[in-house]
Amino acid sequence: MQVPSGYGLHPQNYIAPSGHYPQGPGKMTSLPLDSQCGDYYSGLYTVPTQNVVTPNTASQQPGAQHMYGRAPPATRIVGSAPGSFQGAASSTSHLHTSASQLYSPFVNHYSSPAMYSANSSVASQGFPSTCGHYAMSTVSSAAYSSVSYPSLPAGDPYGQQMFTSQNAPTVRPVRDNSFSGHSTAISHPSPLPPPPSHQYHQQQSLSGCNTLSWSASGLPSTQDNLIRNHTGSLATANSNPTNTGVDSSSTTSSASPMPNSYDALEGGSYPDMLSSSASSPAPAPEPEPAPAPAPSAPQPSKTAKPFGCGYPALQPGYQNATAPLNSGVPPSSPGYSGFQPYAQQYPGMNQLSSSLGGLSLQSSPQPESLRPVNLTQERNILPMTPVWAPVPNLNVDLKKLNCSPDSFRCTLTNIPQTQALLNKAKLPLGLLLHPFRDLTQLPVITSNTIVRCRSCRTYINPFVSFIDQRRWKCNLCYRVNDVPEEFMYNPLTRSYGEPHKRPEVQNSTVEFIASSDYMLRPPQPAVYLFVLDVSHNAVEAGYLTILCQSLLENLDKLPGDSRTRIGFMTFDSTIHFYNLQEGLSQPQMLIVSDIDDVFLPTPDSLLVNLYESKELIKDLLNALPNMFTNTRETHSALGPALQAAFKLMSPTGGRVSVFQTQLPSLGAGLLQSREDPNQRSSTKVVQHLGPATDFYKKLALDCSGQQTAVDLFLLSSQYSDLASLACVSKYSAGCIYYYPSFHYTHNPSQAEKLQKDLKRYLTRKIGFEAVMRIRCTKGLSMHTFHGNFFVRSTDLLSLANINPDAGFAVQLSIEENLTDTSLVCFQTALLYTSSKGERRIRVHTLCLPVVSSLADVYAGVDVQAAICLLANMAVDRSISSSLSDARDALVNAVVDSLSAYGSTVSNLQHSALVAPSSLKLFPLYVLALLKQKAFRTGTSTRLDDRVYAMCQIKCQPLVHLMKMIHPNLYRIDRLTDEGAIHVNDRVVPQPPLQKLSAEKLTREGAFLMDCGSVFYIWIGKSCDNNFIEDVLGYPNFASIPQKMTHLPELDTLSSERARSFITWLRDNRPLSPILHVVKDESPAKTEFFQHLIEDRTEAAFSYYEFLLHIQQQICK
């Protein structure tokens, strides 16, 4: 197989590079097979098992004979004879995961312990062990002479030691939290670093999977605190190590050997942290500063860990612990020398408290966020302007340096000191992330030295403290680190001796160009494979015409470089490959009819260089829409097609785009219809929200191991079991696109949406072979993740692809009291390969204050972040338990938080339903969530529609998810330039928001509803004819057609304003919204009125009735 240089399959006599690595791949112990180790792709997986990775010692593809040595009649070659069959052996293992797992509710009165839920939890995704689950070829260092590569254990290309729920060294329960999501025991791998010998040990677990452990005897307890893994509990070391040596992790120093896992690349402790080497001794812990007098606020005094010098608030220069603060000579003074002892003192508690401005809100007049609001009496609760993220209560300089809420938000901008205080507030604690979003300004740093904490591996950031010119203190674990010599030079100012002015310390969002130390292999090329359904159903829908035309238009805009590769497969009851090798006069179609044992004909010519074979690719795209016009094939062999795609992409990784139009009906992964149309309006049990088989999840995990993500485009007119199919994207970090009732001519709005979505999809930036880790201040821990990914270790998310439209969420708990610090920080690091082949690290750092009073906690609630986190938790609960349980838990979330506020903070009479201003929208948003497609009952909802809404909740960034939950309503027949904004020389009106109630609609007006993926323009029966003519292009109301999906471009002021406003709303959305013009009293208005969530329906409360229900529950 011809693959890019450095990606070939290594020969059997391959010899590993000498040095720190063993001479040859690691061996896997032969284990007895049991009933759990069946054939990997064998039909349906109906037997629920535990989250355990069980190895299969028998090779899945025993050499070329099994994979390619098929009889010639099995392949029909159209055009000319294919090339020779080539192949190589690879190995696989099995991940057996129960499809129906227990789930721990996210409200305090559901407290039964349980395993994590299927998608979001750490344990449930399974931590593949070293037993060959992800096989990858070892790369000879000769191909890339400037990069050293280790020999990796067989079947473990990343050197990544995985943990399962059975072999994790330590289990420690998470403290009970009202909104913890899973009050369960969490498996934490032991975070202790290796002893001075740097020698890791392997232990053979009962399941036969190798896990990492090392001898930790003799480590003093004072060092335990230094080397703690701050994303989880300190686990005890394994007491029974064996003598089998495994490669040690390495540092990021360019002189160090190559790391053998992403865990070593991005995270983990320095292996030499406890080394006896004198070259870089670990500095002793800094003594704690003396406690300061209690501030004027009525909160207990506390000894704060020094946090951030507050640049530029404090005087320039560096602080020494010997002289008073005001006795120094500023660096800019004539007598200043960069090498003199520094006269400024490091800020003590008095100065620090002053610079922070006092964190307790009790010392100042009551802030607006704590103003009591009587919800049952306040009629217009919704503000007329958009709801912005609350600004953390930091001093002005830290506010300037803090991360943008568009990238990083916390549900509480005031972090409680203790878990007990959090439990008392009855509020969820978690983070909402949009780590790869499109940015107009992003500091990109190219440096030989990426400065990180030697203990917890935090990247240097604006919130660290500089002890002096040569030392800085980590803001997450408080370790004192040396400032590297290279960091003393500032490339922006071209000055020396001012590391605190470096861009890394002046920006909370930065991107590093990573060195070869952050690579396990040479950066992969951009590889795109399109797998297309060409059954009769697909041809009838007509999506091929749109797809091929979009590809032809955007072929040159695909992200990549000169190495970009592309390939195409089509399938019905057979699988069709396309030979696009340079030099052919026309594309060759190769048909494989044996779907039970799929193999790749001519594997060296199926993925070709985009630029070398561009003409052949264009010929194929022009021919594809008409090639299957007369097909009579009604079956769909999606599973075998995905198996073939996995084999084709495994050597390099990349992106697989699958287009499917029906229920898979042949081969592995076939599905049966599970939807009962009579139950769509059920108010009781909603079944089949989880997958019918774990075939697609297992395949996704295989793809993730080979750095391949699968994006699913489902264009269906009937039930297609999205609950099962979506797993192939969920666990491979892919995307899901859904177009119900798609038809090229009968449903033109969906066709247009697909076209616009494809333009964005094909041209947006993309990151390959990515991993993401979130770190937090000592005392906090993460326990549940939400999004499309695979958890590679307890806190490392594997993202085969990352795109700018992907959002994530994580739940937090407070494991240790935060009484000794005034600030906490969170940092997310995304390590990825750009489409241009650069290894990059994008880092976001968020800083928040710590508070000790319950009132301060309520004052800092970010209600939108809280509702989005609760929505993610409710999706998990719906799948693992039931939809009714999830709905009950959402209602209880409101009841508990308002009840807690009323009994502890509010002094008003208990008969009123009172909320702080920060929480006044909480009941409204929860009611909106209960009426959303994902969770509503009593309203006819197709099963695939419901499942897709749940998928969107799990992977949409907050800004887009809020539009789905609570749409925005505007009146647009009276748009003016008053308050308008200017965007790209365009004047954009800003009409006020209207509450979602029919009482705000008037038959004399026109209203626009923004639901995120859908726009509705409702035209009143008595709407002004001038508006109808100027904006819609029709003379009067009666002449407006029933199915209008466009606004014409008319040369009128009203038309220009309306189109400018709608275009502004549409910009920068991951999914292009469909526009529906809805006439009053037309049948289409039903869907529009379903989004008026403040009104009563047959199956749901009105907003006022919901408030009375909440009040009744509180008063029980």
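**A colleague's note on the two enclosed strands and a pocket**

1. Let's start at a turn. Strands β33 and β34 form a hairpin with 4 residues between them, and there glycine 837 takes a positive phi near 85 degrees. Please keep in mind that this is a predicted model, so the angle is a computed one.

2. The strands on either side of that turn are well worth tracing. β33 (residues 823–834) and β34 (residues 839–851) run antiparallel and are joined by 11 bridges. If you would like one pair to click on, phenylalanine 826 has leucine 846 as its bridge partner in β34.

3. What lies along the other edge of β33? Strand β28 (residues 767–776) is joined to β33 by 8 bridges, and these two strands also run antiparallel. Here cysteine 776 has phenylalanine 826 as its bridge partner in β33. Phenylalanine 826 is thus a handy place to look, with cysteine 776 as a partner and leucine 846 in β34 as another.

4. How many of the 12 residues of β33 are buried? The count is 12 of the 12, so the strand is largely enclosed by the rest of the structure. Side chains in a regular strand alternate between the two faces of the sheet. In β33, Leu823, Cys825, Gln827, Ala829, Leu831 and Thr833 point one way, while Val824, Phe826, Thr828, Leu830, Tyr832 and Ser834 point the other way, and all are buried. Buried here stands for under 20% relative accessible area.

5. A second strand to look at is β21 (residues 565–571). With 7 of its 7 residues buried, β21 is largely enclosed by the rest of the structure. Both of its faces are covered: Arg565, Gly567, Met569 and Phe571 are buried on one side, and Ile566, Phe568 and Thr570 are buried on the other.

6. Which strands pair with β21? Strand β20 (residues 527–533) pairs with β21 in the parallel sense over 7 bridges, and aspartate 533 has phenylalanine 571 of β21 as its bridge partner. Strand β24 (residues 608–609) runs antiparallel to β21 and is joined to it by 2 bridges; arginine 565 has asparagine 609 of β24 as its partner.

7. β21 also has a hairpin of its own, in which 3 residues lead to β22. β22 (residues 575–579) pairs with β21 in the antiparallel sense over 3 bridges, and phenylalanine 571 stands opposite isoleucine 575 in β22.

8. Now for some open space. The second largest pocket holds about 1500 Å³. Of the 48 residues that line the second largest pocket, Lys933, Val1014, Tyr1016, His1076 and Glu1087 lie nearest its centre. By class, the lining has 21 nonpolar, 17 polar and 10 charged residues.

9. Which elements build that lining? At least two residues each come from α15 (748–763), α20 (943–955), α21 (958–965), β41 (1014–1019), β42 (1074–1079) and α24 (1085–1090).

10. Finally, the wider view. The protein chain has 25 helices and 42 strands, and buried residues make up 62% of its 1116 residues. Among contacts with a separation of 6 or more, 77% are between residues 24 or more positions apart. The accessible surface comes to about 40500 Å², and carbon and sulfur atoms account for 50% of it.

Key. Residues are numbered from 1 along each chain as its sequence is written. This is a predicted model: local features need pLDDT of at least 70, side-chain atom pairs count only at pLDDT 80 or more; totals for chains, interfaces and linings use all residues. Side-chain values use heavy atoms; hydrogens and water are left out. Buried means under 20% relative accessible area, exposed over 50%, partly exposed in between (1.4 Å probe, protein chains only). Contact means heavy atoms within 4.5 Å. Accessible areas come from the Shrake-Rupley method with a 1.4 Å probe; for residues, only the protein chains shown count as cover. Two strands pair if DSSP finds at least two bridges between them. On a 1 Å grid over the protein atoms alone, a cavity is a set of points where a 1.4 Å probe fits but cannot get out, and a pocket is an open set with protein on both sides within 12 Å along at least five of seven lines; lining residues have an atom within 4 Å of a point. Grid points are joined across faces, edges and corners, and a volume is the space filled by probe spheres set on the points. Ala, Val, Leu, Ile, Met, Phe, Trp, Tyr, Cys and Pro count as nonpolar, Asp, Glu, Lys and Arg as charged, and the others, Gly among them, as polar.
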